[in-house]
Amino acid sequence: MTVTIICEAGINHNGSIDEALRMCDAAKESGATIVKFQTYLPEIAIDKNSKDYDLLSSLALSFDDFLKIAKHCEDIGIEFCSTPDDLHSLKFLVDECGVKRIKIGSGSLTYKPLLEAAAITKLPMILSTGMATETEIEEAIRVIHPYAAPIDLTLLHCVSLYPCPIELANLKVITTMKDNFFFNIGYSDHTLSVVAIPCAAVALGATVIEKHFTLNRFAKGPDHWMSLDQYQFSEMVREIRETEKALGDGTKIISEKEVAMIPRVRKSEDGKQPGL
């Protein structure tokens with residue numbers, strides 16, 4: 001299975017549709033499988049008393065903007081996706097934008113109405129598990145299951161820190177989740193690592209890698225500085241693909257090239273090596 005690489009544009013468009021379209025182009029050029037945004041109606045999805053309300057409201061794109069983004073992604077050949085933060089946005093993304101899968105963020109893992117509505121669509125789902133215990137993950141799966149059996153679900157290991165310190169990444173959770181849940185497991189990476197952490201996650205069995213992306217790491221905004229720019233994202237994609245090649249299929253075999261080395265390297269019964 002080829003690793004799905006999600007270019008998390010998020011809100012790094014800074015509320016500009018033109019910037020969002022440029023991010024789609026850059027994501028395609030970088031080799032990402034999917035470019036993903038965040039879709040929300042501020043008056044519904046955000047507490048008006050929150051200190052972040054004004055900022056997040058200013059960064060929200062309109063539904064008309066997302067229709068343009070979805071069409072642009074179709075035109076250039078990259079999958080469009082967006083995380084809905086409210087029921088209206090979910091319905092819009094499914095009915096109007098025609099998303100091929102639904103990504104639920106960590107903050108909505110315990111929001112049962114959104115989980116149920118997403119499951120009812122029967123579209124493949126990706127569920128981030130930041131801040132969640134195994135019990136909470138199990139409960140989310142129980143909410144989804146009656147509506148979407150059999151479930152096409154990918155669980156993303158995630159640590160909801162921005163950025164996540166390397167020592168808290170806890171990548172071995174990927175193997176734990178593979179053992180405990182009968183779904184594909186991926187990794188949403190919030191560390192500042194460009195290559196090492198995403199590739200280590202793939203080596204541990206992650207089938208999806210999600211990484212924040214920006215066109216300018218020095219731009220104003222909450223996420224730019226901890227995101228990868230286009231050059232870094234391209235490098236990450238290249239190294240993930242190399243990691244996939246190196247992993248092989250797990251079967252201990254001797255390739256034809258290695259067989260050719262036997263008469264040159266393997267010692268004979270008298271203990272002598274033929275020589276290179």
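The largest pocket of this predicted model has a lining of 34 residues, and Gln 38, Leu 56, Asp 85, Gly 107 and Tyr 162 are the ones that lie nearest its centre. The space inside comes to about 970 Å³. If you sort the lining by class, you get 15 nonpolar, eleven polar and eight charged residues. Several elements chip in with at least two lining residues each: the strands β2 (34–39) and β8 (208–212), plus the helices α2 (42–45) and α3 (53–59).

One of those contributors, β8, is worth a closer look. Five of its five residues are buried. Val 208, Glu 210 and His 212 sit on one side, with Ile 209 and Lys 211 on the other, and both faces are covered. That pattern fits a general rule: side chains in a regular strand alternate between the two faces of the sheet.

What does β8 pair with? Strand β1 (residues 4–10) runs parallel to β8 and is joined to it by five bridges, with Ile 6 standing opposite Glu 210. Strand β7 (residues 184–189) also pairs with β8 in the parallel sense, over three bridges, and here Tyr 187 has Ile 209 as its bridge partner. To get from β7 to β8 the chain goes through helix α9 (residues 196–203), making a right-handed β-α-β crossover.

Now over to strand β5 (residues 125–128). Met 125 and Leu 127 point one way, Ile 126 and Ser 128 point the other way, and all of them are buried. Strand β4 (residues 102–104) is parallel to β5, with three bridges between them, and Ile 104 has Leu 127 as its bridge partner. The route from β4 to β5 passes through helix α6 (residues 112–120) in a right-handed β-α-β crossover. β5 also pairs in the parallel sense with strand β6 (residues 153–158), over four bridges. Leu 127 turns up again in this pairing, with Leu 155 as its partner in β6. Helix α7 (residues 134–148) completes a right-handed β-α-β unit with β5 and β6.

Here are the parallel pairings side by side:

| Strand pair | Bridges | Partner residues |
|---|---|---|
| β1 and β8 | five | Ile 6 and Glu 210 |
| β7 and β8 | three | Tyr 187 and Ile 209 |
| β4 and β5 | three | Ile 104 and Leu 127 |
| β5 and β6 | four | Leu 127 and Leu 155 |

Zooming out, the protein has twelve helices and eight strands. Its C-alpha trace spans about 85 × 40 × 35 Å along the principal axes. Of the 276 residues, 46% are buried. As for contacts between residues at least 6 apart in sequence, 65% join residues at least 24 apart.

Key: Residues numbered from 1 in each chain as written. Predicted model: local features only at pLDDT ≥ 70, side-chain atom pairs only at ≥ 80, totals over all residues. Heavy atoms only, no water. Buried < 20%, exposed > 50% of the residue type's maximum accessible area, 1.4 Å probe, protein only. Pairing = 2+ DSSP bridges. Right-handed = clockwise from strand over helix to strand, strands pointing away. 1 Å grid on protein atoms, 1.4 Å probe; cavity = no way out; pocket = protein on both sides within 12 Å on 5 of 7 lines; lining within 4 Å. Points joined across faces, edges and corners; volume = space filled by probe spheres on them. Nonpolar A, V, L, I, M, F, W, Y, C, P; charged D, E, K, R; others polar. Contact = heavy atoms within 4.5 Å.
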